[in-house]
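Thanks for coming. I have one structure to go through today, so let me put it on the screen.

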Amino acid sequence: MNKIFQHGTLELIMAGLYDGTLSFSELLENGDDGIGTTHGLDGEVTILDGHAYQTKSSGETVEITDLNTTTPFASAHKASTNNVKVNDTPLTFELLEKLVNEQKLNNTFLSIKAHGTIKNLQVRVAPKQKKPYPDFGKVAANQPVFNYENVTGTLVGDFGNDLYTGVMAGGWHIHFISDDRTVGGHVLSFDTDSVDLKIDIFDTLNLHLPTNNTDFTKHDVDFAGLHAAISQAEK
Ligand SMILES: [Zn+2]
């Protein structure tokens, strides 16, 4: 089995449940690459080669060295034995979707790792929130967006069919970390002439829930508004 591990769900983030409920040390036991955020929705996390990097709403990126730091929502995976590699390929969200269609991977859990120079990169970074937490729609309306040109680094992200929207983003959810570890964030758009791309293919989603967290146990899901809220806030 090839597993992608995820702690929490995107629906919990949409609802404003931002308390960290899993430590990064536990998260990193489940994988070397991944994406997420930290306690209080403090920035965007990109996990690369066993190191977790936090990009803050100031635009600054730091390595998370205190692995007792917690996360409300994050994924991590080890390299899958089942994967597709494409070298020197141009890449955008649209090209990635085309590739997924061509390879008949739409019904599968996927993760990408793509290294190269991104010509145009737009990222957003969630700002740290204090209790009582606003829902994510309100946070997303006021979050900093950064634009970069010709930045070299790695795109790391997950894909799940729309069927799993709410558990995860539905479609691609991609973060970025630059080679010099100074630029990062949640990717809104990107285009590149040539990157080396690996798509890891997973047959198993290992979903871990914060069952000791009372905000989680008493939480009621707003099913009616969920898809619209996610597509507005995440895409
Ligand atoms: Zn993100």
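In which loop is the place of Arg-181? Arg-181 sits between strand E12, residues 171–178, and strand E13, residues 184–202. Before I say more about that residue, please note that this is a predicted model.

Back to Arg-181. Its phi is positive, about 65°, although the residue is not a glycine. As for its surroundings, Arg-181 has 16 other C-beta atoms within 10 Å, so it counts as partly exposed; the buried class starts at 20 and the exposed class ends at 12.

There is another non-glycine residue with a positive phi, Asp-49, at about 50°. Asp-49 lies in the loop between E4 and E5. Is Asp-49 buried or exposed? It counts as exposed, because it has 10 C-beta neighbours inside 10 Å.

The two strands on either side of Asp-49 are paired with each other. E4 covers residues 44–48 and E5 covers residues 51–55; they run antiparallel and are joined by five bridges. Within that pairing, Glu-44 stands opposite Thr-55 in E5.

Now the sheet that holds these strands. It is an open sheet of seven strands, and if you read across it the order is E6-E5-E4-E3-E8-E1-E14, with mixed pairing. Which strands stand at the edges? They are E6, residues 61–63, and E14, residues 204–208; each has a single partner strand, so one side of each is left without a neighbour in the sheet. On average, neighbouring strands of this sheet are turned by 15° against each other, direction ignored.

One backbone detail lies elsewhere. The peptide bond from Lys-131 to Pro-132 is cis, and its omega is near -5°. To find Pro-132 on the screen, look at the loop that runs between strand E10, residues 109–124, and helix H4, residues 136–141.

Last, the chain as a whole. Its secondary structure comes to six helices and 14 strands. The C-alpha trace spans about 50 × 35 × 35 Å along its principal axes. How does the radius of gyration of the protein chain sit with a compact globule, and what is its value? The value is 16 Å, and a compact globule with 235 residues would have one near 18 Å, so the two agree. Of those 235 residues, 44% count as buried. Finally, contacts: taking those with a separation of 6 or more, 78% are between residues 24 or more positions apart.

That is what I have; I'll take questions.

Terms used. Residues are numbered from 1 along each chain as its sequence is written. This is a predicted model: local features need pLDDT of at least 70, side-chain atom pairs count only at pLDDT 80 or more; totals for chains, interfaces and linings use all residues. Helices (H or I, at least four residues) and strands (E, at least two) are DSSP runs, numbered from the N terminus. The radius of gyration is taken over C-alpha atoms; the globule rule is 2.2 Å times the number of residues to the power 0.38. Two residues are in contact if their C-beta atoms, placed from the backbone, lie within 7 Å. Two strands pair if DSSP finds at least two bridges between them. Axes are lines fitted to C-alpha atoms, for helices over the stretch in contact, and angles run from 0 to 180 degrees between N-to-C directions.
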